[in-house]
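Welcome, and thanks for taking a look at this one with us. Below is a short tour of side-chain pairings and model confidence, with the structure shown first.

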Amino acid sequence: MPLTLRTILAMDVLTAGRPEVLAGEQSLDRPVRWVHVTEVDDMVDLLGGHEVVLTTGLPLVGPTADPERFVTQLAEASACGLIVELGPRLPELPAALVRQARRLELPLVALHAPVRFVSITEAVHRLIVGEQYHGLELAQRTHEVFTNLSLDSADASTILAEASTLIGAPVVLEDVGHHVVALARHGRTSGALLRGWEERSRRAPVLDEAGTSGPERWLTCPVGLRGAPWGRIVAPQQTHDPVTTAMVMQRAAQALQLSRLVERDATRLQSQAQESLLQELVEGRVQDEADGLARAAALGMRAGANYLPVVALFGPAALPDQIARQRRARAQLETVSDALAEARLDAISGGVDDQGVGIVLALPRGVTEDAALEALATATASRAGALTPGTVPVLGVGRAAGTLLVAASRMPATVHVAEAARALQPSSAAWFRSTDVRLRGLVAQLRDDERVLGFAEAELGPLLAHEAEHGTGLLDLLRRYVELRGNKAALAQATHISRQALYGRLHKLESILRVDLDDADSVLSLGVALLVHDLRVGRARPGPGRRGTTVTS
């Protein structure tokens, strides 16, 4: 932290002189480079700037003294202030001196008790040298930190976290659209830090180098090649040492640019930021709704009247290695991001596994769920062909909520809906809710489980063997019986079989299966077993998906 005149005046060696600030109160926080003692009235060639001048007042008394000229010389030499010790020779400061110091906003301090100037210079110079050593040490540590981060190909969040630790304040990285892509909060809440971010940021113009800007006096530093920045780092609150903060931010900007050059991916930071927020929301690490909304807004998602969790599951693909899987996952994120933009939907999104992308849609008042899902399904399907030719992503839809946090907490259940829907093998783009997939979706997911197969075989094995040998159509009859919930009159009418003949065939089924078809538990078990069998053999049936979708089951 740079030494200032305010700090010097608080030192014991100065407080003993009972200092009184008579002018330039607003300039007491300028950094002090040195302390100079003088008793001459010509200071033009003696100062180099940023010194505090000490005097017993000899230049201010006598027939040739010119107090106004003296203080003007100090101001023009960029001195940080003038401290005058009052005494018998100079019991009070000349009024002209005080007026001129106030006009020039040069700090002017009167000492009402004697002090040893050598004690002041020793104490101040000791602090200055120590501060310089500390600055060199911090610069070396900053160099080592960001060099190691660059060598390790650290991501933006890690780079900002180190920068925030070094300066002891929050740090934000935004893109050229003033959307926050990474941040280090340093103990502050996201809501307090990011509330109204885009509007506030647009009032703080990008500078050519680290410096304060805008009404809030943010310290900013552009990130990117000179003349073509792709973002900037912002320290949105005042720090104790702006010079050190600027140095750290410049090194952080260099590390971010190196990371960007290695990655060569213009959307990676934005995607990472959204994915990180979504993960924190799903895992419940964001506890405050205002914080969640502020971070989402900083990423470009406007607040909605309701929030809808959705999972887009893409077709499976045999990929040779982890790098290929990562590239595909990124391509899926880009596909969903582009689809959201095409459909003009506000959302945050992020990967949920190798084949899925989780989405929380912010639905504005007046926009129905079906309208938003229709637009998203159409846009996603049109862009997904390049990933998995011949297939379309399936959208699993969770229950909408009035808050972002509750909607995100329903993402795991939404993943199960999407997985169940995909197991039903829809033939065209569709979205599915839990009320659409229900038991069929669960069975579709479990159809290859050995325990499920064993259950189906135990229930239907004798009948399947009989049908393989005789082909009497009893399997189809059982299927219709289950579909009609055991209504024998409706079954006779649907199959065009007389009551007497139907009763005989049902009795034959009971004999083969060794069950009572009037028992509800038996009918339920046979229904589930038939569903497993039909899914295994690929029997086509009308599906529940929206937009008239047909599924294979």
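How many aromatic pairs does the count come to? The count comes to one aromatic pair in this predicted model. The salt bridges number 14, while the number of disulfides is zero. Averaged over the chain, the pLDDT is 83.

**The aromatic pair**

- A pair of aromatic rings is described by how far apart the centres are and by the angle of the planes.
- Here the partners are W197 and W218: their ring centres are 4.7 Å apart and their planes stand at 20°, so the pair counts as stacked. The cut-off behind that label is an angle under 30 degrees.
- In sequence the two rings are 21 residues apart, and the pair links distant parts of the chain. W197 belongs to helix α8 (residues 197–202), and W218 to strand β9 (residues 218–225).
- Both W197 and W218 are buried.

**Cysteines**

- Are there buried or exposed surroundings for C80? C80 is buried, at a relative accessible area of 1%.
- C221 also counts as buried, with 5% relative accessibility.
- As for disulfides, the structure holds zero.

**Salt bridges between distant parts of the chain**

- Side chains of opposite charge can pair when their charged atoms come close.
- D346 and R302 form a salt bridge in which the closest N and O atoms are 2.9 Å apart. D346 sits in strand β12 (residues 346–353) and R302 in the loop between α11 (289–298) and β11 (306–313), so this pair ties together parts that are 44 residues apart in sequence.
- The two partners have their own settings: D346 is buried, with a relative accessible area of 17%, whereas R302 counts as exposed at 59% relative accessibility.
- D534 and R479 also meet through their side chains in a salt bridge, with an N to O distance of 2.8 Å. This pair links distant parts of the chain, 55 residues apart: D534 is in helix α21 (residues 520–537) and R479 in helix α18 (residues 474–483).
- Both D534 and R479 are buried.

**A salt bridge within one helix, and a network**

- Which residue forms a salt bridge with R480? The partner is E483, and the closest N and O atoms of the two are 3.5 Å apart.
- R480 and E483 both lie in helix α18, with a spacing of three residues, about one turn of the helix.
- R480 counts as partly exposed at 33% relative accessibility, and E483 counts as partly exposed at 44%.
- Elsewhere, salt bridges link R6, E25 and D29 in a network.

**Where the model is confident, and where not**

- Of the residues in the chain, 87% reach a pLDDT of 70 or more.
- Which element has the highest mean pLDDT, and which the lowest? Helix α14 (residues 404–409) has the highest, at 94, and strand β17 (residues 550–552) has the lowest, at 38.
- Residues 540–544 keep a pLDDT under 50, and the model gives this stretch 16 contacts beyond four places in sequence.
- The pLDDT is also below 50 over residues 547–553, a stretch with 37 contacts in the model beyond near neighbours in sequence.

Key. Residues are numbered from 1 along each chain as its sequence is written. This is a predicted model: local features need pLDDT of at least 70, side-chain atom pairs count only at pLDDT 80 or more; totals for chains, interfaces and linings use all residues. Side-chain values use heavy atoms; hydrogens and water are left out. Rings of Phe, Tyr and Trp (its six-membered ring) pair if their centres lie within 6.5 Å; planes under 30 degrees apart count as stacked, over 60 as edge-to-face and the rest as tilted. Helices (H or I, at least four residues) and strands (E, at least two) are DSSP runs, numbered from the N terminus. Buried means under 20% relative accessible area, exposed over 50%, partly exposed in between (1.4 Å probe, protein chains only). A disulfide is a pair of cysteine sulfur atoms within 2.5 Å. A salt bridge is a side-chain nitrogen of Lys or Arg within 4 Å of a carboxyl oxygen of Asp or Glu. pLDDT is the predictor's confidence in each residue, from 0 to 100. Contact means heavy atoms within 4.5 Å.
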